[in-house]
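Here is a protein model to work through by question and answer. Keep the structure open beside the text.

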Amino acid sequence: MKWQNRGHEFDGLGAYFQEHADIYIYTDEGYAHTLAAALTFLKREIRLIDPSVNQAEGSRVPLREVLGRPEGKLVLIPIGYPDPDGIRRTLEDGGYQWNRNLFWSPDFMDRFLPVYALYVADILYFPSLSFLSTTVCNLNCEKCLIFKPYAKTMRHRELGELEREVDQVFSCVDYIGLIHVSGGEPFLYPHLAELLAYIDGNYRDQIGTLGTVTNCSVIPDEKLCRALLDHRIFVELDDYTAAVPSLAEPLQKIRETMETHQISFKINHPVTWIDAFPPRQPYQLLGDEELMERFRRCANPFMELRNGRLYSCNYMGYAVTAGLIPDCLEDVYCLDGFSPVREKRRELLEFRMKFNQRGYVEFCKYCNGFPGINPAVVVPAEQAAGLLHWDMPQDRPMEE
């Protein structure tokens, strides 16, 4: 969206949340408690609506206590709860307004919680933030999501450089739900253990989940395994064996390694990737209004940190890194010299929620977009030229 009233775009919604600040979760036992735990950074009491109780018991309250009494309350419905539509209708009949003080919990966490956190609790909250530790990878995916086939150089980033960027972002932002150390292939980054230790040791109380990901081509050594365990890192194992069958054996070994070391992990089985680039239409011919509409409907929720700049679209950052397009200062938020006054904190919140100077980013002129506007998908990890090995690559220079 294009800034119209910079630093004040959410004043109306924020004022509403200030008047409806008491959070209730319609109980779903395990998930309700998980959701409540994710909201503890707000330092506010979270109540659970339990239709099985007749009177308040600790944090649990009966349904009749909230029906017809929406004043001051905000209710979240866990998306996995049986008959969520029926619960929604019951609460709407009881005076609650959808997407005002009644929400599906995933929508609230992604789209509304940042506004609530800043205006109610004075906490500048980002749902997630990722950055590339390295662009080096030992796969050559034709539709690589960081556009590796188009990059002229690949490099590991300096550890001190990344530490300074982490310091900088946490001098501006109070709490981040997910910090994602990405790549390239992060397990090839020689300083991954040290980087994770630095983030955990300095900022863990400002992070919900600290995680990384691997394409399961590199079996972590003992040093990295110890770091993953000691610093409570959540590891995502991407299963690309359908496209690269040779990854089946290392995937199994990595899984066993994670289990042996009691490292928290999950295995992703992606069915498709988006086909983001090259463009299938001449989007660069669109006018500003059309590009703004594409950006709004694209609704990519992810952003990236690089060189002290926040990119509201992570693919814009990846495209700049790969050399597909030049950097555009109109599309980034520079953290240098950030002042933590109220208006600047609200301005940074707005940028995280996809406001910027033009209402779109330069890469909108070349990107097919996120699934909101782009139905085209491809087979994940389909190789352009087979599996590459990166001991000392000869066909592409490595920048030190």
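The exchange below deals with a predicted model.

Student: What is the strand order of the open sheet of five strands?
Tutor: The five strands pair in the parallel sense. Strands E3 (60-61) and E5 (102-104) stand at the edges, so one side of each lacks a neighbour in the sheet. The order is E3-E2-E1-E4-E5.

Student: Which residue in E4 stands opposite Asp22?
Tutor: Strand E1 covers residues 22-26, and strand E4 covers residues 73-77. The two run parallel and are joined over four bridges. Opposite Asp22 stands Lys73.

Student: At about what angle does helix H4 run to E5?
Tutor: H4 spans residues 105-121. The helix lies across E1, E4 and E5. Its angle to E5 is about 125°.

Student: How many residues of strand E6 are buried, and which residue in E8 is the bridge partner of Tyr125?
Tutor: E6 (residues 125-132) is mostly covered, with eight of its eight residues buried. It runs parallel to strand E8 (residues 175-182), and seven bridges join the two. The bridge partner of Tyr125 is Tyr175.

Student: Why do the buried residues of helix H7 lie on the same side?
Tutor: The buried residues of H7 (222-230) are Leu224, Cys225, Ala227 and Leu228. An α-helix has 3.6 residues a turn, so residues three or four places apart point the same way. The buried residues of H7 are on the same side because they cover an arc of only 160°.

Student: What do the buried residues of H7 pack against, and which residue with positive phi follows the helix?
Tutor: The packing partners are helix H6 (192-203), strand E9 (207-214), strand E10 (234-238) and H8. After H7 comes a residue with phi near 55°. That residue is Arg232.

Student: Is Thr257 buried or exposed?
Tutor: Thr257 is found in helix H8 (residues 248-260). Beyond its neighbours within four places in sequence, Thr257 contacts Ile219, Pro220 and Cys225. Its relative accessible area is 14%, and the cut-off for buried is under 20%. Thr257 is therefore buried.

Student: Which side chain makes a polar contact with that of His261?
Tutor: His261 lies in the loop between H8 and strand E11 (265-268). It counts as buried, at 18% relative accessibility. Leaving aside neighbours within four places in sequence, His261 touches Glu222, Cys225 and Leu229. The polar contact spans 3.1 Å, and the partner is Glu222.

Student: What separates the C-alpha atoms of His261 and Ile325?
Tutor: Along the chain, the two residues are 64 residues apart. In space, their C-alpha atoms are separated by 42 Å.

Student: How far apart are the closest N and O atoms of Glu45 and Arg47?
Tutor: A search of the whole structure finds 27 salt bridges. Glu45 and Arg47 form one of them. Arg47 is partly exposed, at 22% relative accessible area. The closest N and O atoms are 3.3 Å apart.

Student: How many residues apart are Asp174 and Arg345 along the chain?
Tutor: Their side chains meet in a salt bridge, 2.7 Å from N to O. The pair links distant parts of the chain: Asp174 in the loop between helix H5 (159-170) and E8, Arg345 in helix H11 (residues 342-352). Asp174 is partly exposed at 27%, whereas Arg345 is buried at 10%. The gap along the chain is 171 residues.

Student: Which residues share the salt-bridge network with Arg358?
Tutor: Arg358 forms a salt bridge with Asp331, with closest N and O atoms 2.9 Å apart. Both Arg358 and Asp331 are buried. Salt bridges with shared partners extend this into one network. The other members are Glu330, Asp331, Glu362 and Lys365.

Student: Which residue's backbone oxygen does the side chain of Asn356 reach?
Tutor: Asn356 sits in the loop between H11 and E16. It is buried, with a relative accessible area of 0%. Not counting residues up to four places away in sequence, its contacts include Met1, Trp3, Phe295 and Glu330. At 3.3 Å, the side chain reaches the backbone oxygen of Tyr360.

Technical notes. Residues are numbered from 1 along each chain as its sequence is written. This is a predicted model: local features need pLDDT of at least 70, side-chain atom pairs count only at pLDDT 80 or more; totals for chains, interfaces and linings use all residues. Side-chain values use heavy atoms; hydrogens and water are left out. Two strands pair if DSSP finds at least two bridges between them. Contact means heavy atoms within 4.5 Å. Axes are lines fitted to C-alpha atoms, for helices over the stretch in contact, and angles run from 0 to 180 degrees between N-to-C directions. Buried means under 20% relative accessible area, exposed over 50%, partly exposed in between (1.4 Å probe, protein chains only). A polar contact is a pair of N or O atoms within 3.5 Å; within protein, one must be able to donate a hydrogen and the other to accept it, and residues adjacent in sequence count only if both atoms are side-chain atoms. The arc is that of the directions from the helix axis to the C-beta atoms. A salt bridge is a side-chain nitrogen of Lys or Arg within 4 Å of a carboxyl oxygen of Asp or Glu.
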